[in-house]
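Please look through the model shown here, following one helix first, then a patch on the surface, and finally a set of paired strands.

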Amino acid sequence: MILKSCYHCGADCGKKPIHFNEKEFCCNGCKTVYEILNANELSCYYDLETSPGTIPKEIKDKYNYLENEEIIEKLLEFNDNETSVVEFYIPSIHCSSCIWVLENLNKINNGVLTSMVNFPMKTIRITFKNKETNLKQLVELITSIGYEPYISLEDADAKRNKVDKTLIYQVSIAAFAFGNIMLLSFPEYFAVNEFWLEKYKPLFRWLMFFMAVPVVFYSAKDYFISAYKGIKHKILNIDVPIALGISVLFIRSSVEIMLDIGSGFFDSLAGLILFLLLGKFFQQKTYNFLSFERDYKSYFPIAVTIIVDGIEKSISVNDIVKGNRLLIRNEELIPVDGILINGNAAIDYSFVTGESVAVIKQSGDKLFAGGKQTAGAIEMEVISTISQSYLTQLWSNDVFNKTNDITIKNITDTISKYFTIAILIIAIIAGVFWYFYNASMAINVVTAVLIIACPCALALSAPFAIGNMLRILGYKKFYLKNAETIENISKIDTIIFDKTGTITSNDKTQLFYKGEELSTDELSIIKTVLRASNHPLSRLLYKYIEVEPSIENPTFFEEILGKGIIATTNNAEIKLGSASFVETESVGTNETAIYIKINNILKGSYIFKNNYREGTKQVFENLSKKYNLVILSGDNDGEKKYLQELLPENTQFQFNQKPESKLKYIKALQNKGNKVMMIGDGLNDAGALAQSNVGIAISEDVNVFSPACDAILDANFFNKLPSFLTLASQTMSIIKASFVLSFLYNVIGMYFALTGQLTPVVAAILMPLSSISIVIFVTILTNWISKKI
């Protein structure tokens, strides 16, 4: 039998596809979307891409909180009571059809004025009329056609940051001035006399002066500020000699212009500042769309449903108080700690604790914030507000409040410390020598030394090398937060891995059957019983068994939460559940399994094991040659024996670790002098990621939630991790080689300066040449080493 694909989403339609308008659909949701688009003459959606849609989610009562005026006010970017503007993040945007249909929302809802999609950011900006539609209707509309927006507590608590364009303005002014000053300097270079000499030379020189003023006092201001802060903290960072060189260059050039004794070095000055700013711009521009600073607010819903005197009402999560009765629907997150009142609770805490198996809770049990309900609706009573919940306390640790004070850890600043001292000593010695040898040359030689020794090439080598490597790694799906992350990676000696979701795949679980072979009829009966259960393990096993369930429903069915199922069907008594429930011995300590008894005879068990990411064994073997490796997991040690066989023998294992235990473990290693890299995926890893020298978040989707970190690695490229770490180390070697090259330029320039031969032409050639050649050098080498992976 040939199975057909859904016309809307491309999924397998199964054996019973839904037929409509001579097309097949996998579910009523996809059919409904097609009907909506077709009724509004938007069926061209399917002409742009084949099967472009996603299966829409159920929306009944889900967005009632968008009727709350306080929440609406927090979400809207603009509202004048007539027209409103809102922007949503939509993870499911993936192709041209998505863009087309979302930008044609006005054809489905007359209240929409405009809708614009930002494809790289996966956002949509909607302008609508308040009298014809509202926020709730818009969200329900785009959700009904398969584009559910991601609305979190973070969206309500924080105003959107304005884009800082200061650096763009600084670069623009420096580029404009540099180009024009170079043109005005040509007559000086070629010693053009006659008419120009008599009439236009003073004008050209003063024009160069006036163009240089905004370059120095606006474009280069950050270097002066950084140098001042460095000196204030008794640190000679790289910006100290740069600021000194810029100051001397500007002052000497200005004096020459004012006294009419020369043309100065304004062209070299503008070029120096322009190249420095380009390096900074290139470095800042790289992957600034990813969020590396995230907390629980990015993960939590914006509102929740409370029950007051039997009436359901939506309120902001921040307004929850102790004693509230909350309704938590299927697949919703628990925002606060509380007590289960009624309902079947199967809580998925994998994002908080790392434990991959859902926890069954009964009435009276405590529920913790951050868990996801997976077995229908439940009711709970709040015992603590959001600010007092266990999950929020993960962020109360001092490690999340660390400030980045000025330090001397950066390799460039370390070299600059000695470089600055050496240049000042050379300038003083040269000044004293020329004062006694030829006093008229002393001031020229001192200023020339400070000008030519300005470490432009030194300052550019790291930003361009690291900036280019950030770009290359990002292209290969390894996104680094900033330049310092590459430097920190090169110093790592210990790598710690979380287990669940990090070295295991979230969307795959391996199932093994152990015991007496089951007949087709027995498998059919088991699947029939599993069909009535909503337990996560039951659902996994139901999908795993390939035979069709029996047509007859069980004549008796009882599910005991946390234990198992008793059912009668086709005159057979079935018991499915834990070892103690079916009264047998467990197949292994901490093993996750469903045991099967048919007519009081034990048949066997289905054992659930994590599916480890492709290349895990090879990744650990490669890393073990250079690093100390540790598995630090919140999960139980049920798979410890398997991991000991899979991973190198020197790998250390720590199981049943709470979030605070992980953080303390890393602190202990750091106190011994270790440089630690932590690789994790969930909120339970947040403290450890922040405490470590380098924190890497593994993500199935780099655009959705991941905890605060220094880098984000696409889970599909986990097997490339050793190569990425090698690239980081090689990049630092390239930077050191470029430092050697820049020092050679300084030695050559110093010769001209010390001998009193530094002319505007020599300065104009040496300074830009050193900068350009360093940029070319590091760019070519970083591209070359990246081709190896």
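Helix α5, which spans residues 135-144, is largely enclosed by the rest of the structure, because eight of its 10 residues are buried, where buried stands for under 20% relative accessible area, exposed for over 50%, and partly exposed for the range in between, with a 1.4 Å probe and protein chains only. The buried residues are L135, K136, L138, V139, L141, I142, T143 and S144. They pack against the helices α1 (28-39), α3 (69-75) and α4 (96-102), and against the strands β4 (83-89), β5 (112-118) and β6 (123-129). Helices here are DSSP runs of H or I with at least four residues, strands are runs of E with at least two, and both are numbered from the N terminus. At the start of α5, a side-chain oxygen of N134 comes to within 3.2 Å of the backbone nitrogen of K136, and just after the helix G146 adopts a positive phi of about 95 degrees.

This is a predicted model, in which local features need pLDDT of at least 70 and side-chain atom pairs count only at pLDDT 80 or more, whereas totals for chains, interfaces and linings use all residues. Residues are numbered from 1 along each chain as its sequence is written, and side-chain values use heavy atoms, with hydrogens and water left out.

On the surface, W206, F210, I251, V255, M258, L259 and I261 make a nonpolar patch of about 730 Å². The elements that contribute two or more residues to this patch are α9 (201-219) and α11 (239-258), and the largest share, three residues, comes from α11. V255 lies in helix α11, and it counts as partly exposed because its relative accessibility is 37%. A patch of this kind joins nonpolar side chains (Val, Leu, Ile, Met, Phe, Trp, Tyr) within 5 Å, like charges being joined within 9 Å, and takes residues with over 30% relative accessible area and no salt bridge, that is, no side-chain nitrogen of Lys or Arg within 4 Å of a carboxyl oxygen of Asp or Glu.

Further along the chain, strand β10 (residues 338-342) runs antiparallel to strand β13 (residues 366-367), to which two bridges join it, and G338 has L367 as its bridge partner in β13. β10 also pairs in the antiparallel sense with strand β15 (residues 378-382), over four bridges, and there L340 stands opposite M380. Strands count as paired if DSSP finds at least two bridges between them.

Taken as a whole, the chain has 25 helices and 28 strands, and 51% of its 789 residues count as buried.

Definitions and conventions:
Contact = heavy atoms within 4.5 Å. Polar contact = N/O pair within 3.5 Å; in protein donor to acceptor, adjacent residues only side chain to side chain. Areas by Shrake-Rupley, 256 points an atom, 1.4 Å probe, with all protein chains shown as cover.
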